[in-house]
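This report walks through a single protein chain, taking its strands, its core and a few individual residues in turn. Please keep the sequence and the structure in view while reading.

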Amino acid sequence: MPMASLSSVAPVMEVACRAGEEFVQLYYETLDKRRHVMAPLYSESSQLAWNGLSGQGIGEIMQLLQKVPASEHSLTTLDCQPIPGMACGGATAVLVSTEGQVHYEGDGKSHPFTQQFVLMEHDGVWKIASDCFRFSG
């Protein structure tokens, strides 16, 4: 299989990084300050795994997120990678990986976490296809 030239990969990486950075800013700000309006970030086929709990579809995901105490996230690491179209049925997709600290209301300490998202483009809008949150450390 021939390797793609760097000049052909660079624009794809730039789009993935820009999409990931914009998404992460919106996601954590909404999760921490306006969690009740997160539904548009997901689709009915979205899946969430939150520290061993899981949900599929907007309704289940929103129910699960509403059970999590109010939070404040601080990121230390962000990485974004395009996912080849052949791996996603031809759809435009991005893998977003984050790492940081989260503090929950009523809890006196911060917790290290990692979170991975697969974003897929739906009619010109990025939606979360998969969301996996885990405490780390």
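## Strands, core and selected residues

In this predicted model, strands β5 and β6 form a hairpin with two residues between them, and D123, which sits in the turn, has a positive phi of about 50°. The two strands of the hairpin run antiparallel and are joined by ten bridges, and within this pairing M120 stands opposite K127 in β6. Strand β6 also pairs with β1, in this case in the parallel sense and over five bridges, where W50 has F133 of β6 as its bridge partner.

The pairings of β6 are set side by side below.

| Strand pair | Sense | Bridges |
|---|---|---|
| β5 and β6 | antiparallel | ten |
| β1 and β6 | parallel | five |

The largest nonpolar core of the model has 26 residues, and those with the most contacts inside it are Y27, M38, Y42, F117 and I128. At least two residues of this core come from each of α1 (6-33), β1 (42-50), α2 (57-67), β4 (93-104), β5 (110-122) and β6 (125-135), with α1 giving the most, namely six residues. In soluble globular proteins, nonpolar side chains tend to be buried together. Y42, one of the residues with the most contacts inside the core, touches Y27, I58, I61, L65, K127, I128 and D131 when residues up to four places away in sequence are not counted.

A separate set of contacts surrounds S71, which lies in strand β3 (residues 71-83). Is S71 buried or exposed? S71 counts as buried because its relative accessibility is 9%, and the cut-off for buried is under 20%. The side chain of S71 makes a polar contact of 2.8 Å with the side chain of D32, and a further polar contact links the side chain of S71 to that of R35 at 2.9 Å. Leaving aside residues up to four places away in sequence, S71 touches L31, D32, R35, V102, H103 and Y104.

G106, by contrast with the buried S71, is exposed, with a relative accessible area of 85%, and its place is in the loop between β4 and β5. Which separation is found between the C-alpha atoms of G106 and P69? These two atoms are separated by 8.2 Å, although G106 and P69 are 37 residues apart along the chain.

Methods: Residues numbered from 1 in each chain as written. Predicted model: local features only at pLDDT ≥ 70, side-chain atom pairs only at ≥ 80, totals over all residues. Heavy atoms only, no water. Helix = DSSP H or I, 4+ residues; strand = E, 2+ residues; numbered from the N terminus. Buried < 20%, exposed > 50% of the residue type's maximum accessible area, 1.4 Å probe, protein only. Polar contact = N/O pair within 3.5 Å; in protein donor to acceptor, adjacent residues only side chain to side chain. Contact = heavy atoms within 4.5 Å. Core = buried A, V, L, I, M, F, W, Y, C linked by side-chain atoms within 4.5 Å. Pairing = 2+ DSSP bridges.
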